[in-house]
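Biologist: Could you take me through one part of this model in close detail, and then show me how it connects to its surroundings? I would enjoy one continuous account rather than a list.

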Amino acid sequence: MAQQVRRRFLETVGYSSNNKQAERLSRGMVYRELHLRLQGAPTLSGANNTQANTDPGDEWGVVKRIDIIANNTDVIKSISGKALWWMNHFMYGNSPRITPAIGDGSTANPSFDSVLILPFWMPNSIRPMDTALDSRNLSDLKIEVTWGAFTDVNSAATAWTTEPTLEVGSLESFNVTGPFSQWRVFEIEKEITATNPRFQIQLPVGPIYRGFMLHFTDAGVDDSAILNNFKLVSGTTVFADIKETFLKQVFDIRNGMQRGLDDGASAAYTEDRRSTEANREAWYFYDHVTDGFNSEGIDSLGFSELELELDVTIGAGTTKCFVWPWQIIPVRGNA
C-alpha cells in the first residue's frame with residue numbers, strides 16, 4: 001500500500017502560570033511535524049503596549065520551554081518558544097508571522113494568534129523522512145509546555161485578558177518503513193565571564209552533528225557584538241573555523257534569506273520581531289551539511305571530545321551564549 005499522509009488536530013495544552021502542563025500525543029504513526037498555534041491576550045494599556053516593554057520573544061516569550069518526551073524519560077526536543085521562532089526562521093528561509101498589534105503603542109490588551117512548526121523530519125535534507133519520529137513502538141509520547149506569565153509578553157502587563165493556550169496539530173505518515181534516525185534538539189546555556197578568544201563549550205560525543213543554532217545576549221538583551229569567530233574542533237582536527245561575518249552572511253546567501261539594510265531603524269529593513277530587545281544579528285546558524293545528505297554531518301562516534309571554540313567579547317552586563325545542537329541519533333548496525 002502506498003504511503004499515506006494525514007493532517008489533523010491533536011490536543012490543546014492549557015495554561016498554568018509559571019508551571020508545566022502536559023498532554024499525551026497519539027501513537028501509531030510516523031510524525032513529520034507538529035504545528036503549534038499560540039493564542040491569548042495580555043492585559044495592559046495602549047500607552048504601555050510599546051516595543052521597549054515587549055519581551056524579545058514577543059508573544060512566544062510566554063512559552064518558556066517545549067519538551068517532546070518519549071517513553072516518559074527520553075527528551076527528543078527541548079526548546080523555548082522564542083528559540084523555536086528563530087529555528088523556523090533559519091530552517092525555512094523566511095520569518096514566521098509577527099503580530100503588529102504587539103508593541104504598536106496604542107492597542108490595549110493586544111491579542112495574538114500565531115503558528116510555529118516543530119519539525120521531526122529535517123528540512124533542507126535530501127531525505128527528510130530519515131529523521132521522522134516513528135511513534136509506533138513507543139510506550140508513551142507527550143508534549144510538555146513550561147509556561148511563563150503575562151509579564152513574559154510585556155513587562156507592564158498586569159494580568160491576562162485571555163489566558164494563552166497552545167493548540168497542537170500534526171503532519172503524519174502511514175505505511176512508511178524505516179529505519180528512522182532521531183533528530184534531537186536541546187539547549188546549552190553558558191555565561192561568558194571574560195573576553196576570550198577560546199571560549200569552549202563541550203559537546204556530548206556519539207551522535208552525528210548536523211549543525212548549531214547560536215544566540216548571544218548581554219543583560220538579557222540580544223547582542224550582536226559578542227561573537228567574533230566560530231570554531232568546531234575535536235583534538236587537533238578543525239571542522240570549521242569561520243569569522244562571524246562569513247558565518248552570518250554566507251548562510252543567508254546560500255539559503256535565499258532576503259535581508260535589507262543592516263540598520264534596524266531603516267524602512268528598508270525587514271522587521272523580524274516587535275521587541276526592541278530582539279536583534280536578528282545576535283542569532284546564527286552553522287550548517288555543516290551543504291549537499292543535503294546528512295551523512296555529511298560530523299559523526300562523533302569514537303571521539304574522545306568535540307567542542308565549540310568561540311572567540312567572544314564580553315558585554316557590559318551578564319553576557320550569555322546559548323547553543324542548540326542539531327544531533328542525529330542514527331540507527332547503527334552491529335559491528
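**A close look at helix α1**

Modeller: Happily! Helix α1 is twelve residues long and spans 16 Å from its first C-alpha to its last, close to the 16 Å expected at 1.5 Å a residue. Please keep in mind that this is a predicted model. Ten of the twelve residues of α1 are buried, so the helix is largely enclosed by the rest of the structure. The buried residues are G81, A83, L84, W85, W86, M87, N88, H89, F90 and M91. Just after α1 comes G93, which has a positive phi, near 75°.

Now to the aromatic rings. A pair of aromatic rings is described by the distance of the centres and the angle of the planes. The whole structure contains 17 aromatic pairs. One of them joins W86 to W283 in a stacked arrangement, with 5.3 Å from centre to centre and 15° between the planes. This contact links distant parts of the chain, since W86 belongs to helix α1 (residues 81-92) and W283 to strand β17, 197 residues apart. W86 is buried, with a relative accessible area of 0%, and W283 is likewise buried at 0% relative accessibility.

Strand β17 takes part in another pair, that of F251 and F285. Their ring centres are 5.5 Å apart and their planes lie at 70°, so this pair is edge-to-face. F251 is in helix α2 (residues 244-254) and F285 in strand β17, so the pair ties together parts 34 residues apart in sequence. Both phenylalanines, F251 and F285, are buried.

Back at α1, the W86 ring belongs to a wider group: ring pairs join W85, W86, W283, F322 and W324 into a cluster. W85 also has a charged partner, as the charged end of R273 sits over its ring, 3.9 Å from the ring centre. A lysine is placed in a similar way elsewhere: K77 lies over the face of W183, at 4.5 Å from the ring centre.

Finally, let us follow the chain onwards from strand β17. S295 is found in the loop between β17 (283-287) and β18 (298-299). With a relative accessible area of 68%, S295 is exposed, whereas W283 in the preceding strand is buried. The C-alpha atoms of S295 and P330 are 10.0 Å from each other, and the two residues are 35 apart along the chain.

Terms used. Residues numbered from 1 in each chain as written. Predicted model: local features only at pLDDT ≥ 70, side-chain atom pairs only at ≥ 80, totals over all residues. Heavy atoms only, no water. Helix = DSSP H or I, 4+ residues; strand = E, 2+ residues; numbered from the N terminus. Buried < 20%, exposed > 50% of the residue type's maximum accessible area, 1.4 Å probe, protein only. Phe/Tyr/Trp six-rings, centres within 6.5 Å; stacked < 30°, edge-to-face > 60°. Lys NZ or Arg CZ within 6 Å of the ring centre and 35° of its normal. Expected span 1.5 Å × (residues − 1).
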